[in-house]
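Here is a short report on one protein chain. Please look through the sequence and the model before reading on.

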Amino acid sequence: MDIDAWVWWLIGAVGLGIPLVVTAMPELGMLSAGAVAGALTASLGGGIVAQVLVFAAVSVALIAVVRPIAARHRSERPQHRTGIDALKGRQAVVLERVDAGGGRIKLAGEVWSARSLDAEQSFEPGRQVDVVEIDGATAVVM
């Protein structure tokens, strides 16, 4: 049984695509795209040299162009703070006396347990406090 060259290129593309899914290495996806380009070249009647050159050119071009863009996007910090980071620095209202032992505040519309940053400082109900950090499910305030 004689298999056409383009089929071998597609088998190679799938062979590179499977580890891409398992390891999440985008370079394997770019090599897989190069193998698809090699398969296209083979199906259009290109010789083995043309197939390998197209595979190499497409793979290298994708790695040279896409990889730096992906790295730049990966290293950028999100512009909006979310989760616990969004609560740090916000103001809250004391609901129950807050001291080093604990208390309750209303933060972002929710009731939180809280403790004061300074062990000797306490805050009475109705007072505005600033959230310094979140320690588990407890807001540390000052």
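## Strand S1 and its partner S4

Val93 stands opposite Gln128 in S4. Ala92 faces a partner there too: Val129 of S4. Both belong to a wider match, in which three bridges join S1 to strand S4, residues 128–135. The two strands run antiparallel. All of this comes from a predicted model.

## Strand S1 and its partner S2

S1 covers residues 91–99, and S2 covers residues 102–107. They pair in the antiparallel sense, over four bridges. One pairing to look up is Val94, whose bridge partner in S2 is Ile105. The link from S1 to S2 is a hairpin of two residues.

## Strand S5 between S4 and S3

Strand S5 takes up residues 138–141. With S4, S5 pairs in the antiparallel sense over four bridges. Ile134 stands opposite Ala139 of S5. The hairpin of S4 and S5 has two residues between the strands. There, Gly136 takes a positive phi near 70 degrees.

S5 also pairs with strand S3, residues 110–116. Four bridges join these two strands, which run parallel. Ser113 has Thr138 as its bridge partner in S5.

## The barrel as a whole

In what order do the five strands of the closed barrel run? The order is S1-S2-S3-S5-S4, and the pairing is mixed. From one strand to the next, the twist averages 50 degrees.

A general point helps when viewing the strands. In a regular strand, side chains alternate between the two faces of the sheet.

The UniProt record, an unreviewed entry, places the feature "domain: NfeD-like C-terminal" at residues 85–141. In the model, residues 85–141 are 60% strand and 5% helix. The end C-alpha atoms of this span are 14 Å apart.

## Two annotated transmembrane spans

Now turn to the helices. The unreviewed UniProt entry gives the feature "transmembrane region" at residues 7–28 and 48–70. How much helix does the model show over residues 7–28? The span is 91% helix and 0% strand. Its end C-alpha atoms lie 19 Å apart.

Residues 48–70 are 100% helix and 0% strand. Here the end C-alpha atoms are 32 Å apart.

## Helix H1 against helix H2

Helix H1 runs over residues 5–23, and helix H2 over residues 26–43. They pack at an angle of about 170 degrees. Their axes are 8 Å apart. Why is H1 called roughly antiparallel to H2? Because angles over 145 degrees count as roughly antiparallel, and the angle here is about 170 degrees.

Many residues take part in the contact. On the H1 side they include Trp6, Trp9, Leu10, Leu16 and Leu20. On the H2 side they include Leu28, Leu31, Ala35, Val36 and Ala39. What kinds of residue make up the contact of H1 with H2? They divide into 15 nonpolar, seven polar and no charged.

## One aromatic pair

How many aromatic pairs does the structure hold? There is one. Trp9 and Phe55 form this pair, and it is tilted. The ring centres are 5.3 Å apart, with 40 degrees between the planes.

Trp9 lies in helix H1, and Phe55 lies in helix H3, residues 48–75. The pair therefore ties together parts that are 46 residues apart in sequence. Trp9 is also among the H1 residues that meet H2.

How values were computed:
Residues numbered from 1 in each chain as written. Predicted model: local features only at pLDDT ≥ 70, side-chain atom pairs only at ≥ 80, totals over all residues. Heavy atoms only, no water. Pairing = 2+ DSSP bridges. Axes fitted to C-alpha atoms, helices over the stretch in contact; angles between N-to-C directions. UniProt positions renumbered as here; feature names shortened; annotations may be inferred. Contact = heavy atoms within 4.5 Å. Nonpolar A, V, L, I, M, F, W, Y, C, P; charged D, E, K, R; others polar. Phe/Tyr/Trp six-rings, centres within 6.5 Å; stacked < 30°, edge-to-face > 60°.
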